[in-house]
Number of protein chains: 2
Amino acid sequence: MRDRILKAATHLFAKQGFDGTSLSEIASAVEIKKPSLLYHFRSKAELRVAVLASMLDHFKAVLPELLAAAASQEQLASVLRALVGFFRADRDRARLLLREALDRPEELRGLVHEHVTPWVRMVEERIRQGQADGSIHAHADPAAYCVHAIQLVVGGLASADSLGVLLDDDPEAAEARLTEELLRMLHRGLYRPGAEGERPPGGE
Amino acid sequence: MRDRILKAATHLFAKQGFDGTSLSEIASAVEIKKPSLLYHFRSKAELRVAVLASMLDHFKAVLPELLAAAASQEQLASVLRALVGFFRADRDRARLLLREALDRPEELRGLVHEHVTPWVRMVEERIRQGQADGSIHAHADPAAYCVHAIQLVVGGLASADSLGVLLDDDPEAAEARLTEELLRMLHRGLYRPGAEGERPPGGE
DNA sequence: CCTACCGATCGGTAGG
DNA sequence: CCTACCGATCGGTAGG
């Protein structure tokens with residue numbers, strides 16, 4: 001039951017926000033009453049923390065894959081693919097993260113510093129190597145680039161519903177085009193043309 | 001008084017969300033009582049619509065500048081600068097827009113279609129011209145590129161507080177670096193090197 | 001896991 | 001612009 005509650009809460013918090021979701025609403029989604037829910041989670045605040053922690057656990061599960069991609073001689077595109085894959089597997093994740101960024105920036109800052117910084121540092125290092133061997137633009141700001149890449153993946157998936165209309169295409173096709181263009185942009189923004197191992201992800 | 005209420009509501013909605021802000025809170029911010037507030041705006045929903053409309057009015061005021069930049073032979077970078085300028089002038093705008101994207105995607109879709117589509121179409125046209133004369137990468141998806149550019153500007157400013165820690169710099173310096181790298185990335189993601197008029201915004 | 005209930009606060013109204 | 005007040009709903013507790 002605990003897992004069912006977590007899942008329902010994750011979905012509702014992502015969709016309506018923490019303040020826009022009542023405990024009764026979550027309880028009724030898993031077919032129990034509010035006091036029963038409060039037996040599993042002592043307070044709404046505790047439930048919120050648990051929802052975040054469960055998403056973080058899922059993230060940690062794909063971390064090894066991410067780090068391996070960043071450390072190996074593979075393209076950075078594979079790191080991005082892993083990241084996109086994580087958020088596309090469950091759209092609630094992107095929405096939830098964005099809401100936290102808006103509602104509790106200080107708190108998210110701590111989580112980012114603790115869980116995201118390590119692998120971003122590795123990616124930064126890869127970028128600097130690329131700059132040293134001339135395959136990556138010398139004026140790129142590695143850390144700032146990573147911030148924008150994350151922003152693009154997380155924010156793009158969370159707000160695709162609204163901004164997608166600009167593509168004038170059916171939702172599925174729009175998402176496919178957006179993802180492809182995202183990978184292309186991020187590749188072009190980093191790699192110098194003609195340099196070694198710079199095949200763009202979409203094939204160009 | 002109406003304007004004072006609007007300003008306070010804009011700030012609080014941006015900071016805490018619509019559901020996370022009470023009418024009493026807004027009223028006390030402008031030193032009146034809740035019933036007095038409800039004389040100026042008949043309901044909380046009406047206040048929300050008015051807040052959005054006032055932001056849209058400000059946006060319309062810079063639209064001519066934006067369209068002129070898009071239509072002229074100037075670089076697309078100037079359009080981006082105008083866009084970044086609009087959101088940097090008041091950070092609440094980015095936060096508010098992102099919240100609407102999360103809370104009421106269908107409604108924002110309508111606003112985007114009505115107010116954003118026209119000038120995006122112009123930018124798209126400029127991109128296609130660039131592709132025709134070879135200055136812009138042939139495989140770029142003009143519409144998808146615009147979506148990501150908007151996403152980057154709006155989302156980046158709204159979530160800079162959380163993601164900024166990755167830069168390990170003081171807030172001001174971090175924001176400056178982020179903006180510069182954003183313009184560099186968007187430029188590199190579009191223009192082919194060596195082509196006419198492709199000076200990058202930051203100077204490279 | 002439930003029913004019954006708590007005080008607090010919500011958006012909104014009456015009436016001046 | 002205010003005081004006084006409304007019903008509804010909120011998060012949470014008691015007690016079984």
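## A walk around DNA strand D

Start by selecting the protein surface near DNA strand D (near = a heavy atom within 4 Å of the strand): it has 6 nonpolar, 5 polar and 3 charged residues. Here Ala, Val, Leu, Ile, Met, Phe, Trp, Tyr, Cys and Pro count as nonpolar, Asp, Glu, Lys and Arg as charged, and the others, Gly among them, as polar.

Bear in mind that this is a predicted model, where local features need pLDDT of at least 70, side-chain atom pairs need 80 or more, and totals for chains, interfaces and linings use all residues. Residues are numbered from 1 along each chain, chains are lettered from A in the order written, and side-chain values use heavy atoms, with hydrogens and water left out.

Now pick A:Lys34, A:Lys44, B:Met1, B:Lys33 and B:Ser36, which come nearest of the 14 residues around strand D. On the DNA side, sugar and phosphate make up 53% of the strand D atoms that come within 4 Å of the protein.

Next, show the backbone of A:Lys44: one of its N or O atoms sits 2.6 Å from a phosphate oxygen of strand D. Over on B:Lys33, a backbone N or O atom is 2.8 Å from a phosphate oxygen of that strand.

Colour helix H3 (34-40) in chain A and helix H3 (34-40) in chain B (helices are DSSP runs of H or I, at least four residues, numbered from the N terminus). Each supplies at least two residues of the surface near strand D.

Finally, zoom out: chain A lays on chain B with an RMSD of 0.0 Å after a turn of 180° and a shift of 0.0 Å along the axis (least squares on C-alpha atoms of residues with pLDDT of at least 70 in both). That's how a two-fold axis relates copies. To find the axis, go to A:Gly189, whose C-alpha is the nearest in chain A, 2.3 Å away.

Note on methods:
Polar contact = N/O pair within 3.5 Å; in protein donor to acceptor, adjacent residues only side chain to side chain.
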